[in-house]
Amino acid sequence: MNEVFAPTTLGPITLRNRVIKAATFEGRTPDALVTDELIDFHREIAAGGVGMTTVAYCAISPGGRTDRHQIWMRPEAVAGLRELTDAVHAEGAAVGAQIGHAGPVANAASNRAPALAPSRMFSPLGMRPMHVPDLSEIATVIADYANAARLAEQSGFDAVEIHFGHNYLVSSFLSPLLNRRKDRYGGSPANRARLAREVAVAVREAVGGRLAVTAKLNMEDGVRGGLSLPESLRVAAWLESDGALDALELTAGSSLLNPMLLFHGAAPRKEFAKVLPAPARWGFRLMGRAFLREYPYRDAYLLERARQFRRELSMPLILLGGITDLDTMRTAMAEGFDFVAMGRALLREPDLLLRIQADQSTRSACIHCNECMPTIYTTTRCVLRVDPTPAAGH
């Protein structure tokens, strides 16, 4: 228990323990700016004992959002973000900003801006072709990442997490299925990894040494022809050799094609069918079973894949997926992982860590029904949690 809950360093910052609240879109920013509800959400998580909470999703540009209700990093957002980071710090926790570009996962119709993809694709969300960026536009994307990191620093964040997972833009460039480019950003694994490496270096140059810089990296997409585990290991080794990151958070799955590989547990198909906007709702009714596959839940369900990264890399690693109790946290530390990340368990019980510290036998009340997933379209929450003052959705 002492190892999990003792202070430790992450790059240039010190965390009060090794537990990080994973980035989960909060659904509390209807005008793409911080709200009191968003501040209260992260204040409660911080008061519950995490070492660091992560604000998601801080897009690098208007078109980089999954829809127009997400924050995008601009000067107008700084004051609200500063209020949020101050509130988290007052509870004794650090706070990170997940910065990224949704790429093929962006809803162009909602954003009123083109969705980007490495190669020609049709967007089922925006019902229009995606835009394939040329080399100058890729350079702009990289600059946008650096600018978003600088704005995160101005906003009082302690860390930035760069989103390299789930077939968002950088992840889609890593995928041999989605990236069919013939230029220096496509073809070979080294070329497909070029964008990730250049983004990491640009962010490091912008804020490294003052903010911790981490990245969330897919170990595999879980789709035939997508990024495989051996290729992801090569990408991770290149990222480590570049020295731009203070830690990697290991994830899996594709928001486009196989989201349940990340979540495991029940597949909430009926709940999604009720809340998806048209025309995505119509497609989901036809393809929902194939899209939301079912993977049985077990504790630390990504550990087997993550072990291979631990064997190959020396840099700090963050284990995600099925971290719900002290025994699992201790297992992660014994396996050589430096941090653990928790998502759904803290939606269910924001004070879970305080209760674990008070009673080491405490078990999470999360039943892995995953009905929290479709609540991102209203206000992200555990549907089983009794909250006397629920936040209003948008």
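1. Start with Asn167, which sits in the loop between S8 and H6. Bear in mind that this is a predicted model. Asn167 counts as buried because its relative accessibility is 2%, and buried means under 20%. Its side chain makes two polar contacts worth checking. One goes to the side chain of Asp221, at 3.3 Å. Another goes to the side chain of Ser254, at 2.6 Å.

2. What else surrounds this loop residue? Leaving aside residues up to four places away in sequence, Asn167 touches Ala102, Pro104, Val105, Ser172, Ser175, Leu178, Asp221, Ser254 and Leu256. Asp221 and Ser254, the two polar partners, are thus on the contact list as well.

3. Now the sheet. Eight strands close into a barrel, and their pairing is parallel. Going round, the order is S3-S4-S5-S8-S9-S10-S11-S12. Neighbouring strands are turned against each other by 30 degrees on average, with direction ignored.

4. Take one pair of strands as an example. S8 covers residues 159-164 and S9 covers residues 212-218. How many bridges join S8 and S9? There are six, in the parallel sense. Within this pairing, Glu161 has Thr214 in S9 as its bridge partner.

5. Helices lie against the barrel strands. Helix H2 (residues 36-47) lies across S3 (19-21) and S4 (52-59). Its direction is at about 155 degrees to S4. Helix H3 (residues 75-90) also packs on the sheet, where it touches S4 and S5 (94-100). The direction of H3 makes about 145 degrees with that of S5.

6. Aromatic pairs come next. A search of the whole structure finds three. One of them joins Phe173 and Tyr185: the ring centres are 6.4 Å apart and the planes stand at 90 degrees, so the pair is edge-to-face. This pair links distant parts of the chain, twelve residues apart. Phe173 belongs to helix H6 (residues 169-174), while Tyr185 is in the loop between H6 and helix H7 (189-192).

7. Are these two rings' residues buried or exposed? Phe173 is buried, with a relative accessible area of 1%. Tyr185 is buried too, at 5% relative accessibility.

8. Tyr297 and Tyr301 form another pair. Their ring centres lie 5.7 Å apart and their planes meet at 75 degrees, so this pair is edge-to-face. The burial of the partners is worth setting out. Tyr297 counts as partly exposed, at 21% relative accessibility. Tyr301, at 2%, counts as buried.

9. Helix H14 (residues 326-334) deserves a look from end to end. Its buried residues are Leu326, Thr328, Met329, Ala332 and Met333. Why do they line one face of the helix? Seen down the axis of H14, they fall within an arc of 165 degrees, so they share a face.

10. What covers those buried residues of H14? The cover includes helix H1 (2-5), S3, S11 (317-320), S12 (339-342) and helix H16 (352-358). S3, S11 and S12 are strands of the barrel.

11. Finally, the two ends of H14. Asp325 caps the N-terminal end, with a side-chain oxygen 3.3 Å from the backbone nitrogen of Asp327. After the helix comes Gly336, whose phi is positive, near 100 degrees.

Definitions and conventions: Residues numbered from 1 in each chain as written. Predicted model: local features only at pLDDT ≥ 70, side-chain atom pairs only at ≥ 80, totals over all residues. Heavy atoms only, no water. Pairing = 2+ DSSP bridges. Helix = DSSP H or I, 4+ residues; strand = E, 2+ residues; numbered from the N terminus. Axes fitted to C-alpha atoms, helices over the stretch in contact; angles between N-to-C directions. Contact = heavy atoms within 4.5 Å. Phe/Tyr/Trp six-rings, centres within 6.5 Å; stacked < 30°, edge-to-face > 60°. Buried < 20%, exposed > 50% of the residue type's maximum accessible area, 1.4 Å probe, protein only. Polar contact = N/O pair within 3.5 Å; in protein donor to acceptor, adjacent residues only side chain to side chain. Arc of directions from axis to C-beta.
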